[in-house]
Amino acid sequence: MQLSKLYCNHKDFKNITFNLNELNVIYADVKSDLKEKKNSHDLGKTKFAELIDFMLLKKIDKHHFLLKIKENGKSVFINHVFYLEIYLNSNDYLTIRRNVETNTKISFILQNQSTKDYLPPLNWDYENIPIDKAREILSNYLSFDFFHNKDYNYRKSLSYSLRTQDDFKDVYKLNKFVGGKDMDWKPFMFDLLGFKGELLRLKYDNDSKIEDIKNLINSYKSDYSVKVEDRDEIIAERSILESDYKEVEEQIDRFNFYKQDKTLIKEGIDEIENKISNLNSDSYKLNYELNKLEASIKNNFSFDIEKVKKVFEETSIYFSEQLTSDYEDLMAFNNKLTTERNKLLKSTIKEKENELKDVNSKLEELHHERESLLTHLTDSDTFTKFKKCQKDLVKTEGQLLKFQEKIKTIDLIIQKENQIESLQTDIKSTISELKKIHQSTDKNQKYNEIRALFSKFYKQIMDENAVLSWNLNINNNVDFIPPKVKSKIDENKDTAKDEGNTYMKLLCVAFDLSILCAYNKESYYRFVYHDDVLSQQDNGIKIRLLELINDITKKYKIQYILSAIKSDLPLDSLDKIQDFEENEIVLKLHDNDVSGTLFGFEF
């Protein structure tokens with residue numbers, strides 16, 4: 001895969017058409033009197049790499065320059081729509097559309113020829129696809145052999161084809177891997193060098209699992225204050241507690257009669273209360289009836305004949321002797337009737353008084369019986385003993401549960417330690433295989449090809465020997481050794497050149513080129529971008545590097561993209577700048593005014 005075109009909907013953006021299989025130069029002409037005042041990166045050389053990364057579906061956040069640079073609260077790029085046309089290894093052209101405002105929606109169209117000028121396609125095979133799905137689609141379009149049946153995709157190795165200044169600090173470990181875990185990049189690098197990366201990934205996974213289990217075991221030991229070696233002692237202590245528990249249970253059982261009596265007493269009290277209530281009702285009724293009877297017996301028959309006669313005289317009515325006789329007979333009858341009634345009332349009163357006496361007697365007995373039952377129910381000595389046994393039982397139960405929990409935790413720790421042993425067995429097997437691989441690196445064709453090319457390319461640039469190698473560290477994990485540069489005078493002596501930034505940059509260049517050339521027969525990246533690789537280099541190094549690039553692009557059909565400031569170009573024998581051919585320069589930048597920047601404005 002190579003870059004074909006990069007363009008934008010904004011007229012001030014400097015659209016780019018790339019040369020396929022050739023050198024491509026992003027050329028910055030910075031005036032010497034302004035060089036100290038103006039950072040050449042502001043022109044857009046470094047932003048170019050970030051933009052290509054964006055178009056190859058890097059996920060961005062508010063810290064990315066396309067969103068970070070704001071004006072009036074909005075990104076200055078909010079209305080920018082970018083298009084990247086790439087030349088696939090299938091000889092087709094794929095155009096990717098991505099805008100800043102809705103940067104998670106991606107569009108694709110596949111064509112058998114390049115688009116005309118910088119006119120965006122009118123129709124799309126896929127339009128506004130979510131970025132995760134879009135990555136899958138782009139992976140299928142790229143169809144890189146290396147990534148088949150891998151847990152990662154084309155983006156894992158993209159930065160080895162887009163080296164910015166921050167990526168020249170280490171040959172193997174890119175800036176995006178700094179601060180992360182070794183398992184994030186070392187298995188991939190092991191794969192890239194032609195080894196079995198899955199083997200290394202498995203080793204890291206098992207190491208991580210063991211670490212997690214050890215942390216879990218430590219938390220168990222800390223939270224429950226247990227040691228595996230104390231298990232048998234805890235079992236013995238639990239046995240003693242179980243015996244104590246049984247004894248307390250037996251004591252509780254002896255108080256069962258009390259519990260039963262307690263129930264019977266409660267029921268007896270309820271029954272007595274009901275009887276007392278009924279007798280109280282009877283007592284009230286008898287007292288009421290007695291009061292009525294006594295009041296009735298006091299009401300004697302009363303009739304005065306003389307008063308009747310006087311009333312008759314006053315009304316001039318004759319009161320005959322016969323009428324007087326009749327009234328006297330009536331009075332005699334009533335007196336006799338009252339006497340008989342009173343005899344009957346007195347008899348009834350006597351009966352009611354006897355009934356009341358009997359009721360009161362029963363009430364007194366019931367009150368005494370209730371008081372007795374209540375006293376028995378609240379017997380303090382018996383109840384206290386019972387409650388103490390209950391408390392002892394609860395306490396013993398709690399201690400038993402505590403021992404049970406400790407034993408359970410210890411058994412869980414033992415189970416986890418068995419898991420560690422099983423994982424360690426797997427790790428030993430993995431380490432054994434890694435050692436075998438390390439002892440037979442000469443049999444790995446891809447690895448030998450990569451490091452042969454690396455040594456060849458570095459020697460052509462620096463006229464010195466450099467070697468790639470790796471070993472197993474004390475943890476039996478793979479360490480990629482920084483390339484050793486061998487002195488021409490003494491091949492057994494390493495030089496310090498590999499420690500300098502400028503030499504490290506050239507080691508990275510040689511490594512990237514060796515990867516691309518080694519994978520040239522497969523479907524893989526066939527372009528690389530190196531930012532400011534000529535700066536701070538000796539003139540001879542610059543000349544030899546450009547000669548190497550020219551040779552490689554022709555032999556391996558690789559697209560090499562180079563950013564350079566005019567003042568960093570090599571000089572000829574007459575100390576004149578050896579400028580690039582016009583067709584090699586795909587983007588010209590300058591610092592005369594804002595029109596010389598990539599985006600056509602300063603930010």
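**Close-up 1. Trp-185 and its ring partner, Phe-480.** In this predicted model, Trp-185 is tucked away as a buried residue, with a relative accessible area of 5%. Phe-480 comes out at 9% relative accessibility, so Phe-480 is buried too. The ring centres of Trp-185 and Phe-480 are 5.9 Å apart and the planes sit at 40°, so this pair goes down as tilted. Trp-185 belongs to the loop between strand E10 (162-163) and helix H4 (186-192), while Phe-480 is in strand E12 (residues 478-486), so the pair links parts that are 295 residues apart in sequence.

**Close-up 2. Tyr-126 and Tyr-141, an edge-to-face pair.** The aromatic pairs come to 42 by count. In the one formed by Tyr-126 and Tyr-141, the rings are 6.4 Å apart centre to centre, with 75° between the planes. Those two values are the right ones to quote, because a pair of aromatic rings is described by the distance of the centres and the angle of the planes. Tyr-126 is in strand E9 and Tyr-141 in helix H3, so the rings tie together parts that are 15 residues apart in sequence. Are the two tyrosines buried or partly exposed? Tyr-126 has 34% relative accessibility and counts as partly exposed, whereas Tyr-141, at 18%, counts as buried.

**Close-up 3. The open sheet, six strands across.** Reading along the sheet, the order is E2-E1-E6-E7-E8-E9, with antiparallel pairing. At the edges are strand E2 (16-17) and strand E9 (126-130), each of which pairs on one side only. Helix H3 (residues 131-142) packs on this sheet and touches strand E6 (81-87), strand E7 (93-99), strand E8 (105-111) and E9. The direction of H3 makes about 125° with that of E9. As background, strands of a sheet pair through backbone hydrogen bonds, either parallel or antiparallel.

**Close-up 4. Strand E1 and its neighbours.** Strand E1 (residues 2-8) is joined to E2 by two bridges, in the antiparallel sense. Here Leu-6 has Ile-16 in E2 as its bridge partner. E1 also pairs with E6, again antiparallel, and this time over six bridges. Look for Leu-3, which stands opposite Ile-86 in E6.

**Close-up 5. Strand E6 and the hairpin with E7.** How many of the residues of E6 are buried? Seven of seven, so to speak a full house, and E6 is mostly covered. Val-81, Tyr-83, Glu-85 and Tyr-87 point one way from E6, with Phe-82, Leu-84 and Ile-86 pointing the other way. In general, side chains alternate between the two faces of the sheet in a regular strand. E6 runs antiparallel to E7, and seven bridges join them. One spot to check is Tyr-87, whose bridge partner in E7 is Tyr-93. The hairpin of E6 and E7 has five residues between the strands, among them Asn-91, which takes a positive phi near 75°.

**Close-up 6. Helix H1 and what follows.** Helix H1 (residues 45-55) is mostly covered, with nine of its eleven residues buried. The buried set is Lys-45, Thr-46, Phe-48, Ala-49, Leu-51, Ile-52, Asp-53, Phe-54 and Met-55. After H1 comes Leu-57, with a positive phi near 75°.

**Close-up 7. Two lysines over rings.** The charged end of Lys-5 sits over the ring of Tyr-118, 5.5 Å from the ring centre. Lys-47 does a similar job of lying over a ring face, in this case that of Phe-65, at 5.3 Å from the ring centre.

**Close-up 8. Helices H11 and H13 crossing.** The axes of helix H11 (residues 445-462) and helix H13 (residues 539-556) come within 7 Å and cross at roughly 140°. That angle makes H11 and H13 oblique to each other. On the H11 side, the residues that meet H13 are Leu-453, Lys-456, Phe-457, Gln-460, Ile-461 and Met-462. Their counterparts in H13 include Ile-541, Arg-544, Leu-545, Glu-547 and Leu-548, as well as Asp-551, Ile-552, Lys-555 and Tyr-556.

**Zooming back out.** The chain has 13 helices and 15 strands. Of its 603 residues, 43% are buried. Take the contacts between residues at least 6 apart in sequence: 70% of them join residues at least 24 apart.

Notes
Residues are numbered from 1 along each chain as its sequence is written. This is a predicted model: local features need pLDDT of at least 70, side-chain atom pairs count only at pLDDT 80 or more; totals for chains, interfaces and linings use all residues. Side-chain values use heavy atoms; hydrogens and water are left out. Two strands pair if DSSP finds at least two bridges between them. Helices (H or I, at least four residues) and strands (E, at least two) are DSSP runs, numbered from the N terminus. Contact means heavy atoms within 4.5 Å. Axes are lines fitted to C-alpha atoms, for helices over the stretch in contact, and angles run from 0 to 180 degrees between N-to-C directions. Buried means under 20% relative accessible area, exposed over 50%, partly exposed in between (1.4 Å probe, protein chains only). Rings of Phe, Tyr and Trp (its six-membered ring) pair if their centres lie within 6.5 Å; planes under 30 degrees apart count as stacked, over 60 as edge-to-face and the rest as tilted. A charge sits over a ring if NZ of Lys or CZ of Arg is within 6 Å of the ring centre and within 35 degrees of the ring normal. Angles under 35 degrees count as roughly parallel, over 145 as roughly antiparallel, 65 to 115 as roughly perpendicular and the rest as oblique.
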